[in-house]
Amino acid sequence: MTQTTQNSAPRPLPEDWERVLAVVAHPDDLEFGASSAIHRWTAQGKDVVELLVTKGEAGIDSLDPGACASLRMAEQRASAAAVGAATVEFLDFPDGTLEYGLPLRRALAGAIRRHRPDVVVSINFREYFDGGGGFNHADHRVLGPALLDAVRDAANRWVFIEQLVEGQEPWSGVRFAAFGASPSATHFVELDEDDLAAGIASLDAHEVYLANLDGFDQKTFLREAAVRAGERAGVPLATLFEVFDT
């Protein structure tokens, strides 16, 4: 699979695979578009694991990080259930100060070796999101390159060799990595109304988090984004991904 030239029409994302590992920095990251695609995939019988690198403890100004972490973890589990993702795991990296480096790559490679996915999904790590807006979160910008490197690390038995001693065999089966909401989208996933409704429900599950976003209307936001993506893809509703061969 080669990347589509930026500004050309996105192509359908291949779906001839069975297992996906969805990796993001924070609770609520997947829910800004990618969760609707996750619902489509779980409805097809695909196995989806959600991996959160942080617990989102720095995400709500009015809550102490200790209380915030447990609340946001619970919201993420409810969110995953809304789109049929049965497994949700959390790493323990610090929210807001994620750093590229060997500890992050090691943890991600270990998760890939354990879950052995065909596809890895995340969200945009470019400086800006599709459509512009403010500068992308530092954690997002760090995670994307680390995840792409970890896919390669997971396949190399001589990298993070201590994981092999622990029984985690190398995994070279990741076909591609797809990043949602990128300004350089290359592929799309067509959505139906049920997928979009489930995606909205998954974002609704972040009730306390959303209550602290002044005036944000998630239902309008997600529907308008799906319509715009559909217009680019030539279908009624869609969500977009930037895809990298691995």
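The following paragraphs go through the overall form of this predicted model and then through a few of its residues and charged pairs.

The chain is built from eight helices and eight strands. Its radius of gyration is 17 Å, and a compact globule of 246 residues would have a value near 18 Å, so the chain agrees with that expectation. Along the principal axes, the C-alpha atoms occupy a box of roughly 50 × 45 × 35 Å. Of the 246 residues, 52% count as buried. The accessible surface of the chain is about 10,700 Å², and carbon and sulfur atoms contribute 51% of that area.

The contacts can be sorted by distance along the sequence. Among contacts in the chain with a separation of 6 or more, 80% are between residues 24 or more positions apart. Spatial distance is a separate matter, as one pair illustrates. Ala74 and Asn156 are 82 residues apart in sequence, and their C-alpha atoms are 35 Å apart in space. Ala74 lies in helix 2 and is partly exposed, its relative accessible area being 44%.

Helix 2 covers residues 65-82, and Glu75 is also part of this helix. What is the charge environment of Glu75, a buried residue? Glu75 has no salt bridge, and Arg72, the nearest side chain of opposite charge, is 5.0 Å away. A salt bridge requires a side-chain nitrogen of Lys or Arg within 4 Å of a carboxyl oxygen of Asp or Glu. Once neighbours within four places in sequence are set aside, the contacts of Glu75 are with Ala205, His206, Glu207, Val208 and Tyr209.

Arg72 does have a partner elsewhere. Its side chain forms a salt bridge with that of Asp28, with an N to O distance of 2.5 Å. Asp28 is in the loop between strand 2 and helix 1, whereas Arg72 is in helix 2, so this salt bridge ties together parts of the chain that are 44 residues apart in sequence. Are the two partners buried or exposed? Asp28 has a relative accessibility of 5% and counts as buried. Arg72, at 2% relative accessibility, counts as buried as well.

Asp28 also stands out in its backbone. The loop that holds Asp28 runs between strand 2 (19-24) and helix 1 (34-43). The phi angle of Asp28 is near 95°, which is positive although the residue is not glycine. Most residues other than glycine have a negative phi. Phe160 is another non-glycine residue with a positive phi, here near 55°. Phe160 is placed in the loop between helix 4 (138-155) and helix 5 (162-165). With a relative accessible area of 8%, Phe160 is buried.

Turning to charge over the whole chain, there are 21 positive and 38 negative side chains. The centres of these two sets lie 7 Å apart. Side chains of opposite charge can pair when their charged atoms come close. How many salt bridges does the model contain? The count comes to 12. Besides the pair already described, two others are taken up here.

One of them joins Glu89 and Arg114, whose side chains meet at 3.3 Å, N to O. Glu89 belongs to strand 4 (residues 87-90) and Arg114 to helix 3 (residues 102-115), so the pair ties a strand to a helix across 25 residues of sequence. Glu89 is partly exposed, with a relative accessible area of 22%; the cut-off for buried is under 20%. Arg114 is partly exposed too, at 41% relative accessibility.

The other pair is Glu193 and Arg223, with the closest N and O atoms 2.7 Å apart in their salt bridge. This pair links distant parts of the chain, since Glu193 is in helix 6 (residues 193-204) and Arg223 is in helix 8 (residues 218-233), 30 residues apart. Glu193 has a relative accessible area of 45% and is partly exposed. Arg223 likewise counts as partly exposed, at 35% relative accessibility.

Technical notes. Residues numbered from 1 in each chain as written. Predicted model: local features only at pLDDT ≥ 70, side-chain atom pairs only at ≥ 80, totals over all residues. Heavy atoms only, no water. Helix = DSSP H or I, 4+ residues; strand = E, 2+ residues; numbered from the N terminus. Rg over C-alpha atoms; globule rule 2.2 N^0.38 Å. Buried < 20%, exposed > 50% of the residue type's maximum accessible area, 1.4 Å probe, protein only. Contact = heavy atoms within 4.5 Å. Areas by Shrake-Rupley, 256 points an atom, 1.4 Å probe, with all protein chains shown as cover. Lys, Arg positive; Asp, Glu negative; His and termini not counted. Charge placed at Lys NZ, Arg CZ, Asp CG, Glu CD.
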